[in-house]
Amino acid sequence: YAELWRTITSGREWRGEFHNKRKDGSLYWESASISPLTDKNGVIIGYLAVKEDITAQKAAEKRMKELFSMVEQAKREWEQTLDHLHDFIILTDAEQHIRRYNRILADMTGRPLNELTGQNWRSLLQEAGFRFASFNGVSGELLHQKSGRTYDLNIYDVKTDDGALQGFVISLNDTTELRATTKELQKTLAELNDAQSQIYQQEKMASIGQLAAGV
């Protein structure tokens with residue numbers, strides 16, 4: 001109000017918003033334009049106020065801010081969740097240029113976070129020491145030569161509601177421990193089969209010996 005009166009008493013127009021109270025005690029928002037009225041000598045003799053009730057508009061703006069806040073919060077929570085994964089998640093455009101990604105991509109490539117957007121994901125991974133052990137266009141296997149870790153690669157299309165290709169989701173799942181465990185299990189199974197075979201041969205030889213002794 002102080003700014004309003006300073007403005008209009010100096011002969012200038014004031015524009016702004018009020019949070020006013022009706023006679024019934026209810027509150028409402030209004031947009032106002034207040035201009036001084038002067039006589040022929042330039043002396044202010046009154047004021048002209050043009051007002052518009054913008055309560056519904058303010059409520060809609062508040063709701064939009066709340067929705068945007070909820071979206072941003074969900075976005076932050078989702079990104080924080082992805083950043084704690086040991087697997088790579090990369091979102092690209094239709095030309096396979098990186099749009100979004102989780103933090104492990106920056107950690108593994110040694111690139112700053114702000115330099116990854118717009119890069120071709122395949123070229124970036126190859127520069128970072130990844131080698132395609134197999135790849136059929138939609139899935140495959142990658143080996144990181146420096147760490148010796150292996151990753152299963154899967155690519156999923158992202159399409160609009162009308163079916164137009166919008167981009168891709170690239171998922172790299174670290175299978176190093178799983179492969180090591182599988183290899184160890186296969187080794188154990190092979191050893192078990194060898195032991196069973198030896199026992200069978202020993203029992204077979206013992207049976208033959210017993211038959212020969214009986215004869």
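Read along the sequence, this predicted model runs α-β-β-β-α-β-β-α-α-β-β-β-β-α. Keep that pattern handy for the exercises.

**Exercise 1. Take stock of the chain: how many helices and strands does it have, and what share of its residues is buried?**

Solution.
- Start with the elements: the protein chain has five helices and nine strands.
- Next, burial. Of the 215 residues, 22% are buried, with the cut-off set at under 20% relative accessible area.
- Then look at the outside: about 15300 Å² is exposed, and carbon and sulfur atoms supply 53% of that.
- Finally, take the contacts between residues at least 6 apart in sequence: 27% of them join residues at least 24 apart.

**Exercise 2. Work out the surroundings of strand 4: which strands does it pair with, and which of its residues are on the covered face?**

Solution.
- Begin with strand 9. It pairs with strand 4 in the antiparallel sense, over six bridges. Asp93 has Gly167 of strand 9 as its bridge partner.
- Move on to strand 5 (residues 98-101), which is also antiparallel to strand 4, over three bridges. Here Ile90 sits opposite Tyr101.
- Check the link: strands 4 and 5 make a hairpin with four residues between them, and Gln96 in the turn has a positive phi of about 70 degrees.
- Now sort the faces. In a regular strand, side chains alternate between the two faces of the sheet. In strand 4, Phe88, Ile90 and Thr92 lie on the covered face, while Ile89, Leu91 and Asp93 lie on the uncovered one.

**Exercise 3. Find the largest nonpolar core: which residues have the most contacts inside it?**

Solution.
- This core has 20 residues, and the ones with the most contacts inside it are Leu105, Trp121, Ile170 and Leu172.
- Trace where they come from: the elements giving two or more residues are strand 4 (88-93), helix 3 (103-109), helix 4 (121-127), strand 6 (130-135), strand 8 (149-159) and strand 9 (165-174).
- Zoom in on Ile170. Leaving aside neighbours within four places in sequence, its contacts include Phe88, Ile90, Trp121 and Leu153.
- Don't stop there: a second, separate core of six residues includes Ile8, Trp14, Phe18 and Ala32.

**Exercise 4. Is Ile45 buried or exposed?**

Solution.
- Place the residue: Ile45 is in strand 3.
- Apply the cut-off: Ile45 counts as exposed because its relative accessibility is 59%, and exposed means over 50%.
- Look around it: Ile45 joins Leu37, Val43, Leu48 and Val50 in a nonpolar surface patch with about 460 Å² of accessible area together.
- Strand 3 (residues 44-53) gives the largest share of that patch, three residues.

Definitions and conventions. Residues are numbered from 1 along each chain as its sequence is written. This is a predicted model: local features need pLDDT of at least 70, side-chain atom pairs count only at pLDDT 80 or more; totals for chains, interfaces and linings use all residues. Side-chain values use heavy atoms; hydrogens and water are left out. Patches are made of residues with over 30% relative accessible area and no salt bridge: like charges are joined within 9 Å, nonpolar side chains (Val, Leu, Ile, Met, Phe, Trp, Tyr) within 5 Å. Accessible areas come from the Shrake-Rupley method with a 1.4 Å probe; for residues, only the protein chains shown count as cover. A salt bridge is a side-chain nitrogen of Lys or Arg within 4 Å of a carboxyl oxygen of Asp or Glu. Buried means under 20% relative accessible area, exposed over 50%, partly exposed in between (1.4 Å probe, protein chains only). A nonpolar core is a set of buried Ala, Val, Leu, Ile, Met, Phe, Trp, Tyr and Cys residues joined through side-chain atoms within 4.5 Å. Contact means heavy atoms within 4.5 Å. Two strands pair if DSSP finds at least two bridges between them.
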